[in-house]
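Me: Please present the structure, and then let us discuss its side-chain environments in turn.

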Amino acid sequence: MNIPLDNLSDMAVFTRVVELGHFSAVAREMHQTPSAVSRQIGRLERLLGMRLFERSTRKLRLTEAGAAVYEQCRSLVSAAREVVALRDSQQAVPHGLLRVSCPKAVARQILHPLMPAFLARYPEVDVQLIVTDRQVDLFEEAVDLAVCITEAPPAGLSGRPLMAVGHGVFATPRYLADKGAPAHPDELARHSCIYLGE
């Protein structure tokens, strides 16, 4: 049976009504009106097809069915609290394996010098550097973070600029004295160049 998500909220409200003993107390806690709380309890009763409370003008008393429902709803609320606590514990201290892909030059000149301080600050984190000049597939290779030299991140991924990377053409004074200095990039085709394969 599919239970609408609204009914999970109703179960949590029902649990608090049992624990506090009054619709008005729950209403104050949740910044609602007592009638709104009553409507949620009524909606849960209609879903389950049973009365959960015997009501008088001054008192609420659980029915036998209501007591059984309360035990299950209390477990549900307890599980929800554990989920929130798990979130808090996960956020409290970074830990686990972090797989980072980066080009060789970036790894050698930028990331490697930063690693000791990073690992000292986050001792529960294990960093696995994947040093390669090829473009990695983050999903297929289970890479968490890729440092790329690019104008824009690949389609379907988000990114942020870390630093500007300049490109240049360099020559020794002796080479220029022997071959002459190019006046335009097109002239590089006539020169002896060592270039990056990628």
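Me: Is Phe 118 buried, exposed or partly exposed?
Reply: This is a predicted model, in which local features need pLDDT of at least 70, side-chain atom pairs count only at pLDDT 80 or more, and totals for chains, interfaces and linings use all residues. Residues are numbered from 1 along each chain as its sequence is written, and side-chain values use heavy atoms, with hydrogens and water left out. Buried means under 20% relative accessible area, exposed over 50%, and partly exposed in between (1.4 Å probe, protein chains only). Phe 118 has a relative accessibility of 27%, so the residue counts as partly exposed.

Me: What is the geometry of the aromatic pair that Phe 118 and Tyr 122 form?
Reply: Rings of Phe, Tyr and Trp (its six-membered ring) pair if their centres lie within 6.5 Å; planes under 30 degrees apart count as stacked, over 60 as edge-to-face and the rest as tilted. The rings of Phe 118 and Tyr 122 are 5.1 Å apart, centre to centre, with 50° between the planes, and the pair is therefore tilted.

Me: Which residues do ring pairs link into a cluster?
Reply: The structure holds three aromatic pairs. The cluster linked by ring pairs consists of Phe 14, Phe 23 and Phe 53.

Me: Which element gives the largest share of the largest nonpolar core?
Reply: A nonpolar core is a set of buried Ala, Val, Leu, Ile, Met, Phe, Trp, Tyr and Cys residues joined through side-chain atoms within 4.5 Å. The largest one has 15 residues, and Phe 14, Val 17, Val 37, Ile 41 and Phe 53 touch the most other members. Two or more residues come from each of α1 (5-20), α2 (23-30), α3 (34-48) and α4 (64-92), where helices (H or I, at least four residues) are DSSP runs numbered from the N terminus. The largest share, four residues, comes from α1.

Me: Why do Cys 102 and Cys 148 form no disulfide?
Reply: A disulfide is a pair of cysteine sulfur atoms within 2.5 Å. Cys 102 is buried, at 0% relative accessible area, whereas Cys 148 is partly exposed, at 42%. The closest cysteine sulfur to that of Cys 102 is in Cys 148, and the bond is absent because the separation is too far, at 9.6 Å.

Me: Which backbone nitrogen does the side chain of Thr 132 reach?
Reply: Thr 132 lies in the loop between β4 (125-131) and β5 (145-146), strands (E) being DSSP runs of at least two residues. Thr 132 is buried, with 15% relative accessible area. At 3.2 Å, its side chain reaches the backbone nitrogen of Arg 134.

Technical notes. A polar contact is a pair of N or O atoms within 3.5 Å; within protein, one must be able to donate a hydrogen and the other to accept it, and residues adjacent in sequence count only if both atoms are side-chain atoms.
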